[in-house]
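Me: Please take a close look at one helix in this model and at the charged pairs that come after it in the chain. I would like one connected account.

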Amino acid sequence: METAAGKARAAAGQGPAVCRSVPEGSEEQVAALYWEAFGRKLGPALNPPETGRLFIAAHLNHDRGIVAVLDGRVVGAAGYQLAGRALTGGSVRDVLSTYGPVRALPRLAVLTLFERTPAADELVMDGIAVDAAYRGQGIGSLLIDEIVAVATDHGCRRIRLDVIDVNPRARALYERHGFTAHRTEQTPYLRHLLGFGAVTTMHRPITTADATSERNTR
């Protein structure tokens with residue numbers, strides 16, 4: 001579903017349209033963006049890359065993604081978890097079917113490291129992926145703004161996300177949008193496997209101003 005603000009922005013030639021779902025037929029584009037952004041982290045569970053991208057594309061929950069579309073192409077995507085469902089899906093059976101029982105077991109163990117369950121009245125944001133050719137044009141900010149709008153619409157009291165220590169640009173973006181660090185967990189045992197050694201959990205409260213802004217854009 002393309003948002004009203006996104007339609008107006010695109011019609012005025014002011015940038016990409018923002019959609020509150022992954023458009024049918026764009027699954028592989030979104031999977032490619034996610035792999036580019038998070039492939040180092042996802043690789044131990046979903047490698048080789050081509051198989052990993054296909055697995056992500058095949059198991060997307062379309063209504064748990066926000067995408068930025070420009071000239072018919074997805075140039076940015078943000079996933080979130082709400083009511084037990086996230087953008088990236090796939091059951092244990094799906095992993096077993098794709099990788100086989102022997103190779104699947106250690107992959108499932110890695111995937112459990114990424115599991116995050118939202119608290120009551122909380123939306124968990126999975127991360128942002130923007131096409132390298134379009135970075136620095138405010139697309140990440142557009143995606144975060146729409147995530148905030150989704151959380152507001154669902155009556156959430158806050159948004160939670162995790163950012164790794166080797167991604168300071170992402171952390172700076174989140175801080176500009178009102179996220180503050182809640183706690184940092186040192187994970188040196190993951191540095192060799194996944195490429196990072198600490199994870200910071202950040203929170204952003206949903207405010208009265210967010211609700212007012214959302215009403216004004218409708």
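**Helix α4 and the salt bridges**

Reply: In this predicted model, the buried residues of helix α4 are Val-95, Tyr-99, Gly-100, Ala-104, Arg-107, Leu-108 and Val-110. The elements that cover these buried residues include α2 (27-46), α3 (49-58) and α7 (191-194).

The next point is the shape of α4. This helix runs over residues 92-112, and a straight helix of 21 residues would span 30 Å at 1.5 Å a residue. The end C-alpha atoms of α4 are only 11 Å apart. There is a bend of about 120° in α4 at Gly-100, and Gly-100 is also one of the buried residues of the helix. A proline, Pro-101, follows the bend within four residues.

Now the charged pairs. Side chains of opposite charge can pair when their charged atoms come close. In the whole structure, a search finds 14 salt bridges. One of them joins the side chains of Arg-116 and Asp-162, at 3.5 Å from N to O. Arg-116 lies in the loop between α4 and β4 (122-130), while Asp-162 is in strand β5 (residues 158-164), so this pair ties together parts that are 46 residues apart in sequence. Buried here means under 20% relative accessible area, so Arg-116, at 18% relative accessibility, counts as buried. Asp-162 has a relative accessible area of 26% and is partly exposed.

Strand β5 appears again in the salt bridges of Glu-122. The side chains of Glu-122 and Arg-158 meet at 2.6 Å, N to O. Because Glu-122 lies in strand β4 and Arg-158 in strand β5, the pair ties together parts that are 36 residues apart in sequence. Glu-122 has 2% relative accessibility and counts as buried, whereas Arg-158 is partly exposed, with a relative accessible area of 22%.

Glu-122 also forms a salt bridge with the side chain of Arg-160, at 3.0 Å from N to O. Arg-160 lies in strand β5 and Glu-122 in strand β4, so this pair ties together parts that are 38 residues apart in sequence. Both Arg-160 and Glu-122 are buried.

There is one more group to look at. Arg-20, Glu-146 and Asp-153 are linked in a network of salt bridges.

To sum up, α4 bends by about 120° at Gly-100 and spans only 11 Å between its end C-alpha atoms. In the part of the chain that follows, Arg-116 pairs with Asp-162, and Glu-122 pairs with Arg-158 and with Arg-160.

Technical notes:
Residues numbered from 1 in each chain as written. Predicted model: local features only at pLDDT ≥ 70, side-chain atom pairs only at ≥ 80, totals over all residues. Heavy atoms only, no water. Helix = DSSP H or I, 4+ residues; strand = E, 2+ residues; numbered from the N terminus. Expected span 1.5 Å × (residues − 1). Bend = angle between axes of the 7 residues up to and from the residue. Buried < 20%, exposed > 50% of the residue type's maximum accessible area, 1.4 Å probe, protein only. Contact = heavy atoms within 4.5 Å. Salt bridge = Lys/Arg side-chain N within 4 Å of Asp/Glu carboxyl O.
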